[in-house]
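Dear colleague,

I am handing over the structure we spoke about, with the sequence alongside. Please have it open while you read the notes that follow.

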Amino acid sequence: MGGINGTALEGLREAVRGPVITEQDPGYDAARSIYNAMIDRRPAAFAQCVDVADVRAVLSFARETGVELAVKGGGHSGPGLCLVDDGLVLDLSTMRGVRVDPAAMTAQVAGGAQLGDLDHAAHTFGLGVPAGIISMTGVGGLTLGGGHGYLTRKYGLTIDSLQSADVVLADGTFVTASEEEHPDLFWALRGGGGNFGVVTSFNFRLHPVDTVGVAVTVWPVDRTPEVLRWYREFLPAAPQDLYGFFSVFVIPPGPPFPEPIHGQKMCGVVWCYTGDMQGDRLEQTLTAVNEPAPPAFHFTTPMPYPALQGMFDELIPKGYQWYWRGDFFDSISDAAIEVHHKYGENIPTALSLMHLYPVDAAAHEVGPDDTAWAYRDAVWSGVIAGIDPDPANADLIRQWSVDYWTDLHPHSMGGSYVNFIGEAESTDRVRATYRGHFDRLAATKHTYDPDNFFHANQNIPPTGS
């Protein structure tokens, strides 16, 4: 039972309604299994909370016993910050309810919900939130880091749709944070990560989105310089209805890709169009894809928004080896293009990739100091991800990611989307990610968590610590 006394553990079981799972229980390995299989940690126990009362009881137990604590939502943390060896995991993964009010165009989302839960509940009313590209991602972790996705150029970051949050603080106090109540905490939650408390419920403003236009355009990887020079000019000037993330990757062996290009290294763009779908409007919008070079493949189709959100779920399921690093970019320089070309030519495994996600247009309409997200002037949020199912390739994909990032970082803005900071990166990366907001976040941390009780995260120590 690691770092928890057996008698104390029985007291925890009596205090909560949800199950408390240790390594003696059949569900232990399933509980500690997260999206990134490169992370192999063995907590002493998981307390799977079913409501706010459970959350408060678990936090009280952790404070009284001094056991190390981590908070787990969707389990999608790249560096595995939701697990802690020999400690206690406050597990929200069973709290996945979503309640949509279609008249008010809002959604109340429980702290353990995944994007697929939110998309399913909202889509029946023709509504949605800009959030991610993988339906298995946890709503909580993604939102607290800021959040971006297919709808970001149209509707902004995920945090730009957040209206309030219910939070249990380190001392067990339950508060609602919004523009009117605890506005300093609400400011910090919108991008400051899991530093300030356990969010048990998010209240989002929803936006109209139903069937979207989806397109995938790919070129041979040796065309990366021409395509990126075109893309860096085309996308920022495009209407907000058009989103497209750039990637270097290996073509997977299945539809919609034709067999002759399966397994080939390519560069390309995945498009989402939220404009008028009448006639051939999507094709007209994308006629420019022929300008850099003739595509090796170009595919368009209408698709329900949740289907787009789940499009990559089967390709990259839970349980693969992952190593990722990220950076923000306000431009794509010629020197950066050469780096992308070099590492695109040398992708180490069939699933490893690089993505450049747009974070401009509507995301730029929010003031630079209105939320903890410190890079409102960024145009792209980049991530380099080494991915493979085989643990024997863990060192290979990690080294490719680190080398790629090392060569690309000098051409970045200096900081990263906090959810793309990888395992074992310098603590200076967190400070760089928050720029001039760091000291304000540290002061807010001192107000709500002066003892740094919540530190299994991309940590912001409280002022004075």
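To begin with one residue, does asparagine 452 count as buried or exposed? With a relative accessibility of 17%, asparagine 452 counts as buried, because the cut-off for that class is under 20% relative accessible area. Please keep in mind that the model is predicted, and that the values below were computed from it.

Backbone geometry

Asparagine 452 sits in the segment after H14, and its phi is positive, near 55°, although the residue is something other than glycine. A positive phi also appears at arginine 435, again not a glycine, where the value is about 45°. Arginine 435 belongs to the loop that runs between H13 and helix H14 (438-448), and at 34% relative accessibility it counts as partly exposed. Elsewhere in the chain, the peptide bond that leads from proline 255 to proline 256 is cis, with omega near 10°, and proline 256 lies in the loop between strand S13 (242-250) and strand S14 (265-273).

The second largest pocket

The second largest pocket has a volume of about 280 Å³. It is lined by 18 residues, of which Glu425, Thr427, Val430, Gln458 and Asn459 are the closest to its centre. Helix H13 (residues 428-434) supplies the largest share of this lining, namely three residues. By character, the lining of the second largest pocket comprises seven nonpolar, six polar and five charged residues.

Cysteines

How many disulfides does a search of the whole structure find? The search finds zero. For cysteine 49, the closest cysteine sulfur is that of cysteine 82, and at 14 Å it is too far away for a bond, because a disulfide needs the two sulfur atoms to be within 2.5 Å. Cysteine 82 is likewise in no disulfide, its nearest cysteine sulfur being that of cysteine 49. As for their surroundings, cysteine 49 counts as buried at 1% relative accessibility, and cysteine 82 is buried too, with a relative accessible area of 5%.

The annotated span

The UniProt record, which is an unreviewed entry, lists residues 39-209 as "domain: FAD-binding PCMH-type". In the model, residues 39-209 are 24% helix and 26% strand, and the C-alpha atoms at the two ends of the span lie 36 Å apart.

With best wishes

Terms used
Residues numbered from 1 in each chain as written. Predicted model: local features only at pLDDT ≥ 70, side-chain atom pairs only at ≥ 80, totals over all residues. Heavy atoms only, no water. 1 Å grid on protein atoms, 1.4 Å probe; cavity = no way out; pocket = protein on both sides within 12 Å on 5 of 7 lines; lining within 4 Å. Points joined across faces, edges and corners; volume = space filled by probe spheres on them. Helix = DSSP H or I, 4+ residues; strand = E, 2+ residues; numbered from the N terminus. Nonpolar A, V, L, I, M, F, W, Y, C, P; charged D, E, K, R; others polar. Buried < 20%, exposed > 50% of the residue type's maximum accessible area, 1.4 Å probe, protein only. UniProt positions renumbered as here; feature names shortened; annotations may be inferred.
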